[in-house]
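Visitor: Please show me the model. I would like to ask how its labels are earned.

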Amino acid sequence: MNNIKISSHILDTQIGKPAANVQVKLYNSAGQCIAESLTNADGRVNAFEHTETAAGHYRLVFMTDAYFQSLGIEHFFVSVTIDFFVNDPTQHYHIPLLLSPFAYSTYRGS
């Protein structure tokens, strides 16, 4: 059985550029951190290295505090948490984050 493919990317909408070097953690339904990665220069985590194969509830946590601190930008959110369901483990789940110091938005990407 293959691992569930989960990817993400972050666009910093204040500066209009990808958010590089943001730590992103992936949790399973039991609340265990099963993978973590840093976004690359293009603000992406192309695929998490993990062994989950089952449908269920998953969580991505974006550690935004360190990112904004590294830029010297005043901000409100310490982290951004996105909970989502994997209904079909054979599909690819892409979860983008549009981020600014005082707001964020997300959607299911492709």
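Guide: Along the sequence, the protein chain runs β-β-β-β-β-β-α-β-β-β. Helices (H or I, at least four residues) and strands (E, at least two) are DSSP runs, numbered from the N terminus. The model is predicted: local features need pLDDT of at least 70, side-chain atom pairs count only at pLDDT 80 or more, and totals for chains, interfaces and linings use all residues. Residues are numbered from 1 along each chain as its sequence is written, and side-chain values use heavy atoms, leaving out hydrogens and water.

Visitor: What makes the protein chain as compact as a globular protein of that length?

Guide: The globule rule is 2.2 Å times the number of residues to the power 0.38, and the radius of gyration is taken over C-alpha atoms. For 110 residues the rule gives 13 Å; the radius of gyration of the protein chain is 14 Å, close to that, so the chain is as compact as a globular protein of that length.

Visitor: Why is S100 called buried?

Guide: Buried means under 20% relative accessible area, exposed over 50%, partly exposed in between (1.4 Å probe, protein chains only). S100 has 15%, so it is buried. Buried residues make up 38% of the 110 residues in the protein chain.

Visitor: Where is S100 found, and which residues is it in contact with?

Guide: S100 is in strand β8, residues 92–100. Leaving aside neighbours within four places in sequence, its contacts (heavy atoms within 4.5 Å) are T13, Q14 and F68.
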